[in-house]
Amino acid sequence: MDYRDTTHPYSAGGAYTNFMRDEGFMRDEGRDRVKATCGPNYGRLTEVKAQCDPDNVFRINHNILPSRHR
């Protein structure tokens with residue numbers, strides 16, 4: 001059993017994005033993991049992303065898709 005398995009039952013279910021693996025380094029965490037990390041803010045973050053980066057230029061690391069891409 002490793003550290004994550006031992007401590008996970010006591011966690012709130014979220015994650016720090018600093019500790020997520022990025023797609024360029026090891027593996028993509030997946031859309032569900034990014035949504036879980038952002039929690040209830042995910043919907044609003046996709047709206048902001050649609051306004052600030054509608055073409056999803058800044059898509060490396062734990063990407064939040066613009067609302068039109070969802």
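What covers the buried residues of H2? The points below take up that question and then move on through the model, which is a predicted one.

1. **Helix H2 and its cover.** H2 spans residues 31-38. Its buried residues are Val 34, Thr 37 and Cys 38. Seen down the axis of H2, the buried residues fall within an arc of 95 degrees, so they line one face of the helix. The cover over these buried residues includes H3.

2. **Just after H2.** Gly 39 comes here. Its phi is positive, at about 60 degrees.

3. **The cysteines.** Cys 38 belongs to the buried set of H2. Its relative accessibility is 16%, and because buried means under 20%, Cys 38 counts as buried. Cys 52 is another matter: at 63% relative accessibility, Cys 52 counts as exposed. Zero disulfides turn up in a search of the whole structure.

4. **Salt bridges.** How many salt bridges does the structure hold? There are two. Side chains of opposite charge can pair when their charged atoms come close. The next two points take each pair in turn.

5. **Glu 47 with Arg 44.** These side chains meet in a salt bridge, with N to O at 3.4 Å. Both residues lie in helix H3, which covers residues 42-52. They sit three residues apart, about one turn of the helix. Are they buried or exposed? Neither label fits Glu 47: at 41% relative accessibility, Glu 47 is partly exposed. Arg 44 has a relative accessible area of 47% and is partly exposed too. Partly exposed is the label because both values lie between the 20% and 50% cut-offs.

6. **Lys 49 with Asp 53.** Here the side chains meet in a salt bridge with N to O at 3.6 Å. Lys 49 is buried, and Asp 53 is buried as well. This burial sets the pair apart from Glu 47 and Arg 44, since Glu 47 is partly exposed, Arg 44 is partly exposed, and both Lys 49 and Asp 53 are buried.

7. **A closer look at Asp 53.** Where is Asp 53 placed? Asp 53 is found in the segment after H3. Its relative accessibility is 7%, so Asp 53 counts as buried. Which residues is Asp 53 in contact with, leaving aside its neighbours within four places in sequence? They are Phe 58 and Pro 66. Asp 53 thus has these contacts along with the salt bridge to Lys 49.

Note on methods: Residues numbered from 1 in each chain as written. Predicted model: local features only at pLDDT ≥ 70, side-chain atom pairs only at ≥ 80, totals over all residues. Heavy atoms only, no water. Salt bridge = Lys/Arg side-chain N within 4 Å of Asp/Glu carboxyl O. Helix = DSSP H or I, 4+ residues; strand = E, 2+ residues; numbered from the N terminus. Buried < 20%, exposed > 50% of the residue type's maximum accessible area, 1.4 Å probe, protein only. Disulfide = S-S within 2.5 Å. Contact = heavy atoms within 4.5 Å. Arc of directions from axis to C-beta.
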